[in-house]
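The following exercises concern a single protein chain, shown below. Please attempt each task with the structure in view before reading its solution.

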Amino acid sequence: MAITIHETDELYEDLLRLPVEARSAFFSQRLIQPFQKALERVGMPATPESLACFPLTGRDAELARMLTMLKQSDAWAGARETVQRASERFRRAGVPVPENVILGIFLGDPKMLAHSEGYTGFGSIPGYIQVVIAPNDSNLRKLNACIAHEFHHNVLFHNARWNFMDVSLPQYLAVEGLAESFATSMFGAEALGPWVTGVTGNDLETARRIIADALDVKGFMEVRKYVFGDHPMLPASESVGVPYCGGYAVGYWAVQSFLRKTGMSVEEATLIDGERIIRESGYFDT
């Protein structure tokens, strides 16, 4: 597998030297350009605001400070090593991976990413991985786990043969649960993302109970209500009572239960349909 790490570190330095009126075009033509096709496939505008990226003007000192933090953490080398290690794990398990992957690390807006500890990722289009991060001492420790999570999405959707718009709730739960289980298998439970650690106790039980009664739901527009929960990006009128990111946490714990019961590795489970994973996990039996 060929791995390309988009040199956003150098590009952000170039951007800071540009006059403000030239920065929007630079973002489109240089910074985000390699990901245009992936964004078009999901209908997402390639703008800093839609991607939760840091504003291009008005906050240069903060942008420079965050860029320095990322460079000091050797984030780009760490990203390459993470993808190489992850790819090798799938190779040893006999699981096909995309032939080419390009990965970009983008500076994020801390206000827009406040609900996810300052970082997020996108990897559901095979061959493309984007991570957006407003770096701090806490989330930098989880950056490579986020990359592993998104790489798992790349691998799963490289192999999956189903219509995403007709996805079932169990399938989507398994997608997220497998990705986070793969990340923690590489980096440990301390690398769990806020989409899991933020849903515990009564909130987790509420999510489990509501989702247990909705496992026959299909179609992304309906399924997302249970996976994302009461997400700030979704209208309140769509709420089904699941706490924010409740489906991510439920999916993770259901996949963990499945892996314990079967003794499978997460790499082996990647090729199994999510319907079976959730059905055989036993997580919803009580």
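## Overall fold

The protein chain contains 13 helices and four strands. The model is a predicted one.

**Exercise 1.** Determine whether the radius of gyration of the protein chain agrees with that of a compact globule of 286 residues.

*Solution.*
- Step 1. For 286 residues, the value expected of a compact globule is near 19 Å.
- Step 2. The protein chain has a radius of gyration of 19 Å, and therefore agrees with the expectation.
- Step 3. The extents can be set beside this value: along the principal axes, the C-alpha atoms occupy a box of roughly 60 × 45 × 35 Å.
- Step 4. As to the interior, 55% of the 286 residues are buried.
- Step 5. As to the contacts, take those between residues at least 6 apart in sequence; 72% of them link residues at least 24 apart.

**Exercise 2.** Describe the exposed surface and the charges of the protein chain.

*Solution.*
- Step 1. The exposed area is about 12700 Å², of which carbon and sulfur atoms supply 50%.
- Step 2. The chain carries 26 positive and 35 negative charges, and the mean positions of the two sets lie 2 Å apart.

## Helix H10

**Exercise 3.** Establish why helix H10 (residues 220–228) is described as largely enclosed, and identify elements that cover its buried residues.

*Solution.*
- Step 1. Apply the cut-off for burial, which is under 20% relative accessible area.
- Step 2. The residues of H10 that are buried are Phe-220, Val-223, Arg-224, Lys-225, Tyr-226, Val-227 and Phe-228.
- Step 3. Seven of the nine residues are thus buried, so H10 is largely enclosed by the rest of the structure.
- Step 4. The cover over these buried residues includes helices H7 (169–187), H9 (201–212) and H11 (246–262).
- Step 5. Just after H10, Gly-229 adopts a positive phi of about 65 degrees.

## Cysteines

**Exercise 4.** How many disulfides does the whole structure contain, and where do Cys-53 and Cys-245 stand with respect to burial and to the closest cysteine sulfur?

*Solution.*
- Step 1. A search of the whole structure returns zero disulfides.
- Step 2. Cys-53 takes part in no disulfide, and the nearest cysteine sulfur, belonging to Cys-146, is 13 Å away.
- Step 3. Cys-53 has 3% relative accessibility and so counts as buried.
- Step 4. For Cys-245, the closest cysteine sulfur is that of Cys-146, at 12 Å, which is too far for a bond.
- Step 5. Cys-245 likewise counts as buried, because its relative accessibility is 6%.

Conventions: Residues numbered from 1 in each chain as written. Predicted model: local features only at pLDDT ≥ 70, side-chain atom pairs only at ≥ 80, totals over all residues. Heavy atoms only, no water. Buried < 20%, exposed > 50% of the residue type's maximum accessible area, 1.4 Å probe, protein only. Helix = DSSP H or I, 4+ residues; strand = E, 2+ residues; numbered from the N terminus. Contact = heavy atoms within 4.5 Å. Rg over C-alpha atoms; globule rule 2.2 N^0.38 Å. Areas by Shrake-Rupley, 256 points an atom, 1.4 Å probe, with all protein chains shown as cover. Lys, Arg positive; Asp, Glu negative; His and termini not counted. Charge placed at Lys NZ, Arg CZ, Asp CG, Glu CD. Disulfide = S-S within 2.5 Å.
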